[in-house]
Amino acid sequence: MAQYDVTKFGAKGNGTANDAPSIQKALDSARDAGGGKVIVPGGTYNVGNILKIYDNTSLDLDKNAWIRRQSEANAMIINGTNGQGGYLGNQNIEIVGGTWDANMGLNDVSCTAIAIGHATNVRIRNTRVLNVNNWHSIELNGVEGGEIINCFFSGFTLTRKWSEAIQLDIMISAAAFPWFGPYDNSYCRNILIEGCTFTGGWYRGIGSHSQAEDVYHAHIRIVNNHFENLIGAGIEAFRYRHGSIQGNTFTNVERGINFQNTAYFAIGGNSIRNPEKDGILLEDSKGNSIVGNVVRNAGCAGIYVDETSLGNNILGNSFTNCADGGIVDMGSKNTKSGNGIVV
């Protein structure tokens with residue numbers, strides 16, 4: 001794979017120059033060659049406009065590379081687009097290492113640090129995203145085969161009472177994804193989020209809040225992540241179908257896991273400590289297996305199931321010091337067995 005060092009294209013990394021044009025030249029060179037690895041050595045790189053990454057390109061940042069937003073742009077990096085919908089806009093994009101600083105104190109412009117849409121095979125790993133105003137650290141929108149692994153998210157301000165560090169979204173409108181279309185209701189599928197940490201004032205860690213009729217994100221795996229000191233839920237799964245939430249830890253969140261119209265998930269082996277409200281909340285959700293989770297010191301129930309949630313299996317969970325008890329089941333046809341209160 002050909003390599004393109006951004007300093008060879010004029011990037012200074014001195015914290016004062018606008019290095020966006022030089023970094024973009026390196027990304028464009030990789031695009032024109034059919035792909036390659038764009039290398040960002042250690043340093044502080046101010047970016048004064050949105051960067052674009054294309055097919056078959058790895059953007060490889062040194063662990064001491066710091067990319068800092070220095071403009072009124074509403075994103076730091078997006079993928080280029082060929083105008084195709086579905087999952088055909090770009091393929092084989094990788095962003096590795098370094099720090100993306102959205103610089104929320106610079107201005108009051110809402111910003112998403114990394115936004116990828118209409119794409120296949122997207123990998124983001126070992127990177128930090130800091131200081132986002134109002135929108136998201138990473139948005140995957142209409143992505144097939146996405147991986148976000150070993151990333152760290154901290155620092156957030158908001159003027160609306162929702163936002164996720166990682167948002168899985170649907171291509172429904174320019175209001176939802178302002179950078180490009182087409183708006184064909186493409187959803188996310190085959191997504192893995194693993195080994196990430198969410199902290200520092202975020203509202204939600206992982207979730208969604210857009211919807212289209214009969215459209216559901218599918219085959220989502222959220223495993224071995226840590227959520228701490230969040231204003232809202234660690235995970236808010238909204239209109240998901242088939243997947244798993246396994247081995248995650250939650251401390252000092254509003255709720256650990258909130259399911260809304262989500263079905264056929266395995267929720268297992270998660271530890272939820274000190275949620276302000278319920279440890280796990282199911283709303284209008286069916287056919288889920290909730291097995292072997294531990295909830296401690298919940299302000300409400302360990303697990304709360306609303307009256308529209310049916311056919312869920314709640315097995316072998318344990319609860320300590322939950323204000324409203326271990327399980328509050330307002331629905332019917334839910335199976336409960338082997339759950340216990342631990343004194």
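The backbone nitrogen of V109 sits 3.1 Å from a polar side-chain atom of N107. A further partner of the N107 side chain is the side chain of R69, in a polar contact at 3.4 Å. These distances come from a predicted model.

N107 belongs to the loop that links strand 10 (99-101) to strand 11. Despite the loop setting, N107 counts as buried, because its relative accessible area is 17% and the cut-off for buried is under 20%. Setting aside residues up to four places away in sequence, N107 touches R69, S71, E72 and N133. R69 therefore appears both in this contact list and as a side-chain polar partner of N107, whose burial is given by a relative accessible area of 17%.

**Nonpolar cores**

Strand 11 follows that loop and spans residues 112-125. Strand 11 gives the most to the largest nonpolar core, with six residues. That core has 76 residues in total. Those with the most contacts inside it are L59, W100, I114, L140 and F153.

What does F153 contact, leaving aside its neighbours within four places in sequence? The partners are V129, S137, I138, I148, A165, I166, C196, T197, F198, T199 and W202. Among them are the polar residues S137, T197 and T199.

A second core is separate and has seven residues. Its members include A75, I78, M171 and F180.

**Cysteines**

How many disulfides does the structure hold? The number is zero. For C300, the nearest cysteine sulfur is that of C322, 9.9 Å away. For C322, the nearest cysteine sulfur is in turn that of C300. A disulfide needs the two sulfur atoms within 2.5 Å, so the 9.9 Å between C300 and C322 rules out a bond in this model. The two cysteines fall into separate exposure classes: C300 is partly exposed, whereas C322 is buried.

| Residue | Relative accessible area | Class |
|---|---|---|
| N107 | 17% | buried |
| C300 | 23% | partly exposed |
| C322 | 13% | buried |

**Annotated segment**

An unreviewed UniProt entry lists residues 5-59 under "domain: Rhamnogalacturonase A/B/Epimerase-like pectate lyase". Over residues 5-59, the chain is 24% helix and 40% strand. The end C-alpha atoms of this segment are 10 Å apart. L59, the last position of the listed range, is one of the residues with the most contacts inside the largest core.

How values were computed: Residues numbered from 1 in each chain as written. Predicted model: local features only at pLDDT ≥ 70, side-chain atom pairs only at ≥ 80, totals over all residues. Heavy atoms only, no water. Buried < 20%, exposed > 50% of the residue type's maximum accessible area, 1.4 Å probe, protein only. UniProt positions renumbered as here; feature names shortened; annotations may be inferred. Helix = DSSP H or I, 4+ residues; strand = E, 2+ residues; numbered from the N terminus. Core = buried A, V, L, I, M, F, W, Y, C linked by side-chain atoms within 4.5 Å. Contact = heavy atoms within 4.5 Å. Polar contact = N/O pair within 3.5 Å; in protein donor to acceptor, adjacent residues only side chain to side chain.
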